[in-house]
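This report describes a single protein chain, starting with a residue in one of its strands and then moving on to the whole fold, its pocket and its cavity.

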Amino acid sequence: MMDQRRVTYKLYPTSAQIVQLERLHDNHRALYNAALQERMDAYKKHEISIRKGDQEKSVTQIRADDPEYRSINAQSLQVTLKRVDEAYQHFFRRVKKGSGKAGFPRFKSKDRFSGWGYKSHGDGWTLKPGEGFRHGRLRLSGVGTIKIRGEARTPGRPKVCSITRKSDGWWASVVLECETHREIAPDARPALGLDWGVETYATLAWGVESSEAQEVKNERLWQQSSEDLKDAQRDLSKALRGKRSKRAQRHKRVLAKRHRKLANRRKNHIHQLTSQLVKHNKMIVTESLTVSNMTRSAKGTEEAPGRNVAQKSGLNREILDTSPSAFLKALTYKAEEAGCELIIAPTRSLKPSQRCPVSGATVKKRLQDRSHELPDGSVISRDHAAAATMLRWGLEQQGKPVSWLGTDHGA
């Protein structure tokens, strides 16, 4: 099937090209901030809402009067204005939802403005990939042809492009329209139950017997990198006390690179694990994950302050370190590409961590209770029991009746 997939290439510009990239970055940032200021002023002074179409007309006039903006691709300027509009759309959505801080759009400093984008391939940008879409060159209007390194898993037709400046250089993110596919191994298992967790990253169950489960270790990547991050943050704090701005900028880049390395390790772990799961299983049953609920603060209010706030803060950090949303998202689209059936169990009604996978009875457990006793007296881990429960529920959804499934948990 035809779908869209994103591939990221690292740019290797010359010194002269870096100057031009920085120029484009500054001009797009200035446009973003000016568009935001115009909207704010129009509403504060006259209660008029400025729309994206209005600002696109203004940019046309700006390009006619300003040679600097006349040299920039017109569609890329429209993409920047669209990002301002999207920031407002997200703000109004959060206001309407009424949960947490709405987060009004704010002006972008040089470090907070990631980059700019292009619409159609051939209009302001042209991708010239190597064989198999591995490495190649990228031509940008006003910059020239830049060497790039990277590889697309599935070659396709370039659609849109975003240029981003990060702590470790310049990057191009290209969306390809391609025919996505993945292969399932001939010896793939028919079904798998998967329970995500913190103590153990994932528990995999192919049945209710203890010998038919496997645990995926939680690498705890943040803990591995925490000392380096703390050292870099401490050095930056010391540098910011003095007047040596160059020293502060240097330590800021070091800290950003270490955070970037940690993020890349998380992403790499998720992609490797999810690729193996969809390759070796024809059906996967797992639970829905609501990260916002799991990481809700325990501080409470001034009238009713929360308890164990420090412990909850540490747990939240461990939960976010596993990137559960990114894991489920990657598993979802890879299962679709491979033809692996992914079933999401209704956690609230099924209660997999409280239900026996053999009898179907709910057994109340505290968070510290990490084992489950089966009716025959054998003991398995709590996560194994949850994975097996979801597996049997998933099999029942496929028309394979399971006797212990009642009606109390819903479908």
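H135 belongs to strand β4, which covers residues 134–140. The model is a predicted one. H135 has a relative accessible area of 18% and is therefore buried, since the cut-off for that class is under 20%. Although H135 is not a glycine, its phi is positive, at about 60°. Most residues other than glycine have a negative phi.

A positive phi of about 55° is also found at K351, again not a glycine. K351 sits in the loop between α10 (347–350) and β13 (371–373). Its relative accessibility is 38%, so K351 counts as partly exposed.

**Four residues in their settings**

The table sets these two residues beside T286 and L395.

| Residue | Location | Relative accessibility | Class |
|---|---|---|---|
| H135 | strand β4 (134–140) | 18% | buried |
| K351 | loop between α10 (347–350) and β13 (371–373) | 38% | partly exposed |
| T286 | strand β11 (283–287) | 3% | buried |
| L395 | helix α11 (382–397) | 23% | partly exposed |

T286 lies in strand β11, residues 283–287. Because its relative accessibility is 3%, T286 counts as buried. When neighbours within four places in sequence are left aside, T286 is in contact with L194, L328, L342, I343, I344, A345 and M390.

I343, one of those contacts of T286, can also be placed relative to L395. The two residues are 52 apart along the chain, and their C-alpha atoms are separated by 9.8 Å. L395 itself is in helix α11, residues 382–397. With 23% relative accessibility, L395 counts as partly exposed, because that class begins where buried, under 20%, ends.

**The chain as a whole**

The secondary structure of the protein chain consists of eleven helices and 14 strands. Along the principal axes, its C-alpha atoms fill a box of roughly 80 × 60 × 45 Å. The chain has 411 residues, of which 40% are buried. Of the contacts between residues at least 6 apart in sequence, 64% join residues at least 24 apart.

The chain exposes about 23400 Å², and carbon and sulfur atoms supply 49% of that area. There are 77 positive and 46 negative charges, and the mean positions of the two sets are 7 Å apart.

**Pocket and cavity**

The largest pocket has a volume of about 1100 Å³. It is lined by 28 residues, and those closest to its centre are R6, T8, K267, H271 and Y333. At least two lining residues come from each of β1 (2–12), β7 (169–179), α6 (245–279) and α9 (324–338). The largest share, eight residues, is supplied by α6.

How many cavities of 30 Å³ or more does the structure hold? There is one. The largest cavity has a volume of about 90 Å³. Its lining is made up of Y201, N218, E219, R220, L221, R266, H269, I270, D321, T322 and S323. Here too α6 gives the most, with three residues. Helix α6 is thus the main contributor to the lining of the largest pocket and to that of the largest cavity.

Technical notes:
Residues are numbered from 1 along each chain as its sequence is written. This is a predicted model: local features need pLDDT of at least 70, side-chain atom pairs count only at pLDDT 80 or more; totals for chains, interfaces and linings use all residues. Side-chain values use heavy atoms; hydrogens and water are left out. Helices (H or I, at least four residues) and strands (E, at least two) are DSSP runs, numbered from the N terminus. Buried means under 20% relative accessible area, exposed over 50%, partly exposed in between (1.4 Å probe, protein chains only). Contact means heavy atoms within 4.5 Å. Accessible areas come from the Shrake-Rupley method with a 1.4 Å probe; for residues, only the protein chains shown count as cover. Lys and Arg count as positive and Asp and Glu as negative; His and the chain ends are not counted. The place of a charge is taken as NZ of Lys, CZ of Arg, CG of Asp or CD of Glu. On a 1 Å grid over the protein atoms alone, a cavity is a set of points where a 1.4 Å probe fits but cannot get out, and a pocket is an open set with protein on both sides within 12 Å along at least five of seven lines; lining residues have an atom within 4 Å of a point. Grid points are joined across faces, edges and corners, and a volume is the space filled by probe spheres set on the points.
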